[in-house]
Amino acid sequence: MAKPKAPRRTLESYSVKHISKTIRAGDCVLMRPSDPSKPSYVARIERIEADARGANVKIHVRWYYRPEESIGGRRQFHGSKEVFLSDHFDVQSADTIEGKCTVHSFKSYTKLDAVGNDDFFCRFEYNSSTGAFNPDRVAVYCKCEMPYNPDDLMVQCEGCSDWFHPACIDMTVEEAKRLDHFFCESCSAEGQKKLQNSHSASRHSDTKVDTKRRRR
């Protein structure tokens with residue numbers, strides 16, 4: 001006769017002693033990979049369980065995939081800290097947790113003053129068996145019609161408000177950083193006329209150019 005499984009209970013929180021952190025359901029964590037040469041796995045804790053004595057703690061997780069772990073692989077517009085929330089659920093020992101991290105929304109990530117080692121962002125959900133993404137379309141920018149990569153510097157046209165990569169408009173990054181005004185090829189004639197008719201006291205006070213700066 002098979003021995004019945006020992007009852008397990010759900011924990012509201014658990015103190016991971018080897019990292020001196022307390023985890024709860026909903027927290028994002030870094031998990032030790034099976035291959036030491038690979039970066040830590042990123043996961044969201046769904047539930048924490050322990051045996052009747054409060055030992056043998058297991059965490060139910062939902063994995064985040066890095067772009068290179070997806071079927072299509074990493075693409076040009078994927079940020080260095082981008083992860084996809086997958087449909088892959090798993091149960092792991094709490095001992096494999098290496099630390100806590102934060103997975104930001106795409107919008108909040110782009111507003112960070114500084115990006116730390118434990119900061120990531122997610123703008124897609126990922127189906128691990130089909131390779132499909134949700135949403136399957138996002139806004140594209142520039143002449144190259146690529147989604148925004150927050151690692152890349154871009155400049156905004158004052159005419160059409162589209163964003164452009166310096167390389168796509170025959171410009172170096174250094175030149176882009178020195179811009180006071182920018183009009184794309186389609187808006188340049190009208191834009192130059194506006195600038196000529198402008199009577200601002202300072203050429204910097206009314207600038208509409210912004211840059212999406214590389215984050216480290």
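With which side chain does the side chain of glutamate 98 make a polar contact? In this predicted model, the partner is the side chain of serine 40, at a distance of 2.4 Å. Glutamate 98 lies in strand β8, which spans residues 97–105. The residue is partly exposed, its relative accessible area being 37%; this value places glutamate 98 in the intermediate class because buried residues fall under 20% and exposed residues over 50%.

The surroundings of glutamate 98 include residues remote in sequence. When residues up to four places away in sequence are not counted, glutamate 98 touches Ile19, Leu30, Met31, Arg32, Pro33 and Ser40. Valine 29 is separated from glutamate 98 by 69 residues in sequence, yet the C-alpha to C-alpha distance between the two is 7.4 Å.

The cysteines were examined next. The structure holds 0 disulfides. Cysteine 28 is in no disulfide, and the nearest cysteine sulfur, belonging to cysteine 101, is 5.3 Å away. Since a disulfide requires two cysteine sulfur atoms within 2.5 Å, this separation does not qualify. Cysteine 28 is buried, with a relative accessibility of 9%.

Cysteine 157 is likewise in no disulfide. The nearest cysteine sulfur in this case is that of cysteine 160, located 3.7 Å away. This distance also fails the criterion, because the sulfur atoms of a disulfide must lie within 2.5 Å. Cysteine 157 has a relative accessible area of 1% and is therefore classed as buried, the limit being under 20%.

Terms used:
Residues are numbered from 1 along each chain as its sequence is written. This is a predicted model: local features need pLDDT of at least 70, side-chain atom pairs count only at pLDDT 80 or more; totals for chains, interfaces and linings use all residues. Side-chain values use heavy atoms; hydrogens and water are left out. Helices (H or I, at least four residues) and strands (E, at least two) are DSSP runs, numbered from the N terminus. Buried means under 20% relative accessible area, exposed over 50%, partly exposed in between (1.4 Å probe, protein chains only). Contact means heavy atoms within 4.5 Å. A polar contact is a pair of N or O atoms within 3.5 Å; within protein, one must be able to donate a hydrogen and the other to accept it, and residues adjacent in sequence count only if both atoms are side-chain atoms.
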